[in-house]
Amino acid sequence: MTVSVIDASPHPSYPPDMEESREKRIGTSLSNERAFRTKQAIEAIYSPRFRSWSEVSSLSKAVRERLEAEIPWNTLSNVAVLSSTRKDAWKALFETPDGNRIESVLMRNRRGQFTVCVSTQVGCAMKCVFCATGKPGLTRNLSCDEIVDQFRFLRDMAADANLDGEITNIVFMGMGEPLANYVAVREALRIFTGPLGIGMTRITVSTAGLLSGLDRILSDPLWPPVRIAISLHAADEAVRKKIMPSTVPGFIDSLVAWSQKYAEAFPEKRRHLTLEYLLLSGVNDSTQDIRKLVDLARRFGRVRINLISYNTTDSGFMGSDPDTVRRCKDTLEAAGIIVTIRKSQGGDIAAACGQLAGKNHSQTS
Ligand code: SAH
């Protein structure tokens, strides 16, 4: 199976001291204390009130000092924060403990609140031709703590900068393929929807369509029922294969069959699927392409289509012109399909979808 090409790509393990989760390491560090100290320390890590162990005054000074010496408050060090000129997007560049660079984005959303976009891998193995992240390939998966700590950093940054509004949404649309890092992503979802208090329907995991991961979700009691978005980008398999080389033979039919099982597994109406469709000029935006998309969407049942404009990378592609985008939207809507157009944010700081490459484009702080 071609899927194995992706599953077999190198996933170098984490640095040795990151193999165990932070929650476990806190437990080990405080094993001589009464059990509720561990609980208190874990609660403190997720609380918006503290910025370091030294501030957690409910713990004794000795415990605080031990934690400070043994458990980093945040696994990532922040290298830079770039702000878009419109002040609606901020990109944070981080360094992992083993010296890799990853990026996350904080965006003001339609309701005036905020969405955090997290990365799940250093690089990506999917090699979608329009995306900058995949160019250098995959270096490694991020740990659950590294995924969660992107959010914690941006939450604290937003609070310290007195940004008006709360972080209500999380999208797994940064660097990497979330379903290729299944266990860490699932664990991060547990923390986001639990101690970090984000609603299940306000979290979207976007996938290039890794069928093994999609199948696993269906029967996994530990997978929180968050929203799923599939980067479809072409209704025709041959076209999709050209722009998304991870496309396996029979992908479209397998995805339709999967979506039916998904609808059975998650029958609530609000559990619709989203199909993302990046409009590329001359590639997937002809009248015939959109007709194929309509036919396919009908096979899916409860689905929404999110039309995405191309954010410039050095791929050589061009986004569809605004008239074509409007025509696509009208055609889909006329067919009774719910369509949204993704507003691009952060293009001026290379923070938009597909532009995250872990590079520091301008200043450092
Ligand atoms: N690997 C996951 C999530 C990361 S990318 C996935 O493929 O879904 C998040 C979204 O941005 C995906 O829909 C992806 O196809 C899209 N994207 C990638 N490059 C883009 C670009 N240059 N312009 C606009 N969207 C892009």
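Guide: An axis here is a line fitted to C-alpha atoms, for helices over the stretch in contact, and angles run from 0 to 180 degrees between N-to-C directions. Helices (H or I, at least four residues) and strands (E, at least two) are DSSP runs, numbered from the N terminus. The model is predicted: local features need pLDDT of at least 70 and side-chain atom pairs 80 or more, while totals for chains, interfaces and linings use all residues. Residues count from 1 along each chain as its sequence is written, and side-chain values use heavy atoms, without hydrogens or water.

Visitor: How do α10 and α11 pack?

Guide: α10 (287–300) and α11 (322–334) meet at about 35 degrees, with axes 10 Å apart. The crossing is right-handed, meaning the near helix is turned clockwise from the far one by less than a right angle.

Visitor: Which residues make that contact?

Guide: T287, I290, L293 and V294 on α10, with R327, C328, T331 and L332 on α11; contact means heavy atoms within 4.5 Å.

Visitor: How do you know that the length of α9 agrees with a helix?

Guide: The expected span is 1.5 Å times one less than the number of residues. For the 15 residues of α9 (251–265) that gives 21 Å, and the end C-alpha atoms are 20 Å apart, which agrees. α5 (144–160) passes too: its 17 residues should span 24 Å, and its ends are 24 Å apart.

Visitor: What makes you say that the buried residues of α9 line one face?

Guide: F251, I252, L255, V256, W258, S259 and Y262 are buried, that is, under 20% relative accessible area (exposed is over 50%, partly exposed in between; 1.4 Å probe, protein chains only). Down the axis of α9 they fall within an arc of 165 degrees, so they line one face. The arc is taken from the directions from the helix axis to the C-beta atoms. Among the partners of these buried residues are α7 (211–218) and α10.

Visitor: Why is α5 called mostly covered?

Guide: Of its 17 residues, 14 are buried. Just after α5, N162 takes a positive phi of about 55 degrees.

Visitor: What is notable about a positive phi?

Guide: Most residues other than glycine have a negative one. K127, in the loop between β5 (121–123) and β6 (138–141), has phi near 60 degrees. H233, in the loop between β9 and α8, has about 65 degrees.

Visitor: Buried or exposed: how is H233 classed?

Guide: Its relative accessible area is 5%, so H233 is buried. K127, at 42%, is therefore partly exposed.
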